[in-house]
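User: Could you take a close look at the side chains in this model for me? I'd like to hear who touches whom, and what is buried or exposed.

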Amino acid sequence: MVKRALGILTVTLLLTAQSQGANLKAEGGISAALYDQVGEKSEGKLRDLVVELEGKESPVKFDLAVGTLLLATVTSSAEQENRGNFGVGSSDAKWGLLWGYAELKLPENFTLQWGVLSTNLGFELPESYDNPNALFGLVWSGQPFVYKGVRLKKEFSAGRSAYFEYDRGRELNGNTKDHAVGAGLEVNGGSSSFSFNYFNYGSYKTLLDALFYRELPGGDEVVFNLDYQFLNSDSSKGAVGA
């Protein structure tokens, strides 16, 4: 029998502060949840404690987040433990760096990011208080969400953009020499957007991700996210999620 877990109560506190003079924005949040798992006792856990600092362009922008995250999925909520340092090769750390990168504006509407990057794939976000779902989907754990890398982005007219990135480190698949490349396109039309992303872990696995978003009258949202993954050594082994 597959164990199922359901977050039945979540409490969240969000804090935001901004210093215009120092050109610095600080925000963060803390959330906790009570999980009731079939066949197991109920358990309360800290879901997030995040402090994020964002520096405006002068000329380099940065985004730095520290704290701890509980990445609870629909099938493994109660078994998960809080973690930090996802992108710096310390898998057993409970607290630490969550992501941190610098961003430099270049001529011709190019932007360069480098450091511990957050992924462009998918719709869900690691902070539960920003994530649209109470629990992460089945394929959340099928790909890294933060990793060391360099990303080059190009902004076109009419809300169109494209990017290319190169990533390296054990966060990708457990080995310090692991590397990956990624690329993607995005079209943003205001109330709707579409993106397509490609991510390849060297000789291990390829991910294809398509996302359609539409904001409806009254503030409701419609999102369709298709995620297809296959092992490069045997393309017949695939995993699809939506």
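Analyst: Let's start with a cut-off: a residue is called exposed when its relative accessible area is over 50%, buried when it is under 20%, and partly exposed in between. Keep in mind that this is a predicted model.

N109 is a handy case for that cut-off. Its relative accessible area is 51%, so N109 counts as exposed. You'll find N109 in the loop between strand 5 and strand 6. E108 is in that loop too, with strand 5 covering 96-106. E108 comes out at 61% relative accessibility, and because the cut-off for exposed is over 50%, E108 is exposed as well.

The backbone is worth a look here. Most residues other than glycine have a negative phi. E108, though not a glycine, has a positive phi near 60 degrees. N109 isn't a glycine either, and its phi is positive at about 65 degrees.

Walk on into strand 6, residues 110-118, and you reach Q113. Q113 has 13% relative accessibility, so it counts as buried. Which side chain does Q113 meet in a polar contact of 2.7 Å? That would be E103. If you skip neighbours within four places in sequence, Q113 is in contact with Y101, A102 and E103, and also with G149, V150 and R151.

R151 is a good one to follow. It's buried, because its relative accessible area is 5%. Its side chain meets that of E165 in a salt bridge, 2.6 Å from N to O. That pair links distant parts of the chain: R151 belongs to strand 7 and E165 to strand 8 (residues 160-168), 14 residues apart. E165 has a relative accessible area of 1%, so E165 is buried too. R151 also has an aromatic partner: its charged end sits over the ring of Y163, 5.6 Å from the ring centre.

How many salt bridges does a search of the whole structure find? It finds 4. Besides the R151 and E165 pair, one of them joins K61 and E54, with 3.4 Å from N to O. E54 is buried because its relative accessible area is 14%, whereas K61, at 21%, is partly exposed. Another is the bridge between K25 and E27, at 3.9 Å from N to O. Both ends of that one are partly exposed, because K25 has a relative accessible area of 22% and E27 has 28%.

K61 turns up again when you look at D63, a residue of strand 4 (residues 60-69). D63 is buried but has no salt bridge. Why doesn't K61 give D63 a salt bridge? K61 is the nearest side chain of opposite charge, but it is 6.3 Å away, and a salt bridge needs a nitrogen within 4 Å of a carboxyl oxygen, so the pair doesn't qualify. What D63 does have is a polar contact of 3.2 Å between its side chain and that of W99. Leaving out residues up to four places away in sequence, D63 touches E52, L53 and E54, plus W99, G100 and Y101.

Last stop, the aromatics. The structure holds 5 aromatic pairs. Y147 and F199 form one that is tilted, with 5.5 Å between centres and 40 degrees between planes. This pair also bridges distant parts of the chain: Y147 is in strand 7 (residues 146-155) and F199 in strand 10 (residues 192-200), 52 residues apart. Y147 and F199 are both buried. Y201 and Y204 have ring centres 5.5 Å apart and planes at 85 degrees, so theirs is an edge-to-face pair. Y201 is buried because its relative accessible area is 5%, while Y204, at 32%, is partly exposed. Put these together and you get one aromatic cluster made of Y147, F199, Y201 and Y204.

Technical notes. Residues are numbered from 1 along each chain as its sequence is written. This is a predicted model: local features need pLDDT of at least 70, side-chain atom pairs count only at pLDDT 80 or more; totals for chains, interfaces and linings use all residues. Side-chain values use heavy atoms; hydrogens and water are left out. Helices (H or I, at least four residues) and strands (E, at least two) are DSSP runs, numbered from the N terminus. Buried means under 20% relative accessible area, exposed over 50%, partly exposed in between (1.4 Å probe, protein chains only). A polar contact is a pair of N or O atoms within 3.5 Å; within protein, one must be able to donate a hydrogen and the other to accept it, and residues adjacent in sequence count only if both atoms are side-chain atoms. Contact means heavy atoms within 4.5 Å. Lys and Arg count as positive and Asp and Glu as negative; His and the chain ends are not counted. Rings of Phe, Tyr and Trp (its six-membered ring) pair if their centres lie within 6.5 Å; planes under 30 degrees apart count as stacked, over 60 as edge-to-face and the rest as tilted. A charge sits over a ring if NZ of Lys or CZ of Arg is within 6 Å of the ring centre and within 35 degrees of the ring normal.
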